[in-house]
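Hi,

Here is the structure I promised to pass on. Have a look at it first, and then read my notes underneath.

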Amino acid sequence: MFILRYPNDAMIASNKNGKEVDMKKRIGISIAVAGVLLIGSISALNAENTTKESVAKKEAQVVINSSAPKSETAAKAKVQEANSKEKSEAKTKAGNLEANTKAARAARLQRVFASEASAHKGIQKAPKEIMEAIDMSIKAAQAIKAGKVDDAAKNLEIASKDFKKVLKADPSLDLVPLAMQINIKTFAGDSKIIEEAIERAGKLLKEKRTQDARDIVLPLQDEMDFITQYIPMKIYPIATKKAQEALKAGKKDEALAILIQGFATFITVKEVTPIPLMLAADMVNEASKIDKNKKDDALKLLEMAKEQLKRAELLGYTGKHSQAYASLKKQIDAIEDEIKGKNMVEKLYEKLKGSFESLFKDVREDRVQQKN
């Protein structure tokens, strides 16, 4: 996007001869030029509709010139008309191809998102007693703030009973998941665009233009985040019990402080799955199902998969798994060589799919924990 900055009307600039030039004139010229460009653009858009009219005019002009044969004039007009139609058809095909490409990408993204989400369905929600106990402890804190000590005492009593019941049934309970949130951040730029952005940001950092560099780097995220909140069952119920005891002793401020400290023990875990890795795995899987006679289709998908792995590396998702990513690329190279040769790729595909699954498992175990 280009931004035109118009100066203040009162501003004056100097030309090469040192004479002062009124900026209003410059702005007027700029607007006039912009108007010409706009008219040119509109004319270009309507070119297809005016083709026949243009051809007719050219025919008429040449007919007036007796030195040009009419048959030659008509032939030239037909050629020009055919070229115009060909350009229009090519433009339409290009537009359809772009639309189909976007639709195919959207469908693939939807497929990989659904697949990754299903891999996290194994996380079970907390029992209803735990959810009720947390709700009661929150209401107790609100009641203490409102000066309703009796209501707070009743709520804490219910919370303590619920926690006691759950822990009696399963004393080994530790981190129990309460809720999960899924955040998706997408960046569609290819590896070349990413490389250029990184290079530009690097130059800005050298110039100490940190904030400008940040604006360039910040959008470079292509990931699916799973954020899960856990309650520490070896800590929080104890805090609730102590708050209940403090409240019975008439120490309502202390009880409130204990509850607030208890809320702070909740843990949030963030799991990041790179979208390029998900796309690469899906492309390999699709390539493995293509008929052996359609070598070009399979090779195209495998090249696309390698491009996604390169994007993952440039976006900084490889980290400690850099060797695993490099191994995936080598295995894809081996499959490509085999397709170009004897095309005995079944076992190679199975090995590659297994490598993807192994990396996914390791990536999903890379959890970032932080206390609320």
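Let me begin with I339: leaving out residues up to four places away in sequence, I339 touches K295, A298, L299, L302, V345 and Y349. Before you go further, keep in mind that this is a predicted model.

I339 also turns up in the largest nonpolar core, which has 33 residues. I339 is among those with the most contacts inside this core, along with L277, V284, L302, L309, Y349 and F356. Where do the core residues come from? At least two each are supplied by α3 (70-118), β4 (223-232), α10 (275-288), α11 (295-314), α12 and α13 (346-364). The biggest giver is α10, with nine residues. There is also a second, separate core of 15 residues, and A126, I130, V166 and L178 are included in it. As background, nonpolar side chains in soluble globular proteins tend to be buried together.

While you are looking at α12, find Q331, which lies in that helix (residues 322-340). Is Q331 buried or exposed? Q331 has a relative accessible area of 12%, so it counts as buried, the cut-off being under 20%. Apart from neighbours within four places in sequence, Q331 is in contact with K351, L352 and S355.

Now for the charged pairs. How many salt bridges does the count come to? The total is 21, and I picked out a few to show you.

One of them joins the side chains of D282 and R111, at 2.7 Å from N to O. This pair links distant parts of the chain, since D282 is in helix α10 and R111 is in helix α3, 171 residues apart. D282 is buried, at 12% relative accessible area, whereas R111 is partly exposed, at 41%.

Another bridge is formed by K185 and E223, whose closest N and O atoms are 3.7 Å apart. Here too the pair links distant parts of the chain: K185 sits in strand β3 and E223 in strand β4, with their positions 38 residues apart. E223 has 6% relative accessibility, so it counts as buried, while K185 is partly exposed at 27%.

The bridge between the side chains of K203 and E199 (3.8 Å, N to O) is a local one to look at. Why are these two separated by about one helical turn? It is because they are four residues apart in helix α6 (residues 191-206). K203 is partly exposed, at 44% relative accessibility, and E199 is partly exposed as well, with a relative accessible area of 49%. Beyond these pairs, E303, K306, K329, D333 and E336 are joined into one network by salt bridges that share partners.

Last, take a look at the surface. Which residues form a nonpolar patch there? They are M180, I182 and I184, and together they have about 230 Å² of accessible area. I184 is found in strand β3 (residues 175-185), the strand that also holds K185. With a relative accessible area of 40%, I184 is partly exposed.

If you want a short route through the model, start with α10: it gives nine residues to the largest core, and it also holds D282, the partner of R111 in a salt bridge. From there, go on to β3, where you will find I184 and K185.

Cheers

Notes
Residues are numbered from 1 along each chain as its sequence is written. This is a predicted model: local features need pLDDT of at least 70, side-chain atom pairs count only at pLDDT 80 or more; totals for chains, interfaces and linings use all residues. Side-chain values use heavy atoms; hydrogens and water are left out. Patches are made of residues with over 30% relative accessible area and no salt bridge: like charges are joined within 9 Å, nonpolar side chains (Val, Leu, Ile, Met, Phe, Trp, Tyr) within 5 Å. Accessible areas come from the Shrake-Rupley method with a 1.4 Å probe; for residues, only the protein chains shown count as cover. A salt bridge is a side-chain nitrogen of Lys or Arg within 4 Å of a carboxyl oxygen of Asp or Glu. Buried means under 20% relative accessible area, exposed over 50%, partly exposed in between (1.4 Å probe, protein chains only). Contact means heavy atoms within 4.5 Å. A nonpolar core is a set of buried Ala, Val, Leu, Ile, Met, Phe, Trp, Tyr and Cys residues joined through side-chain atoms within 4.5 Å.
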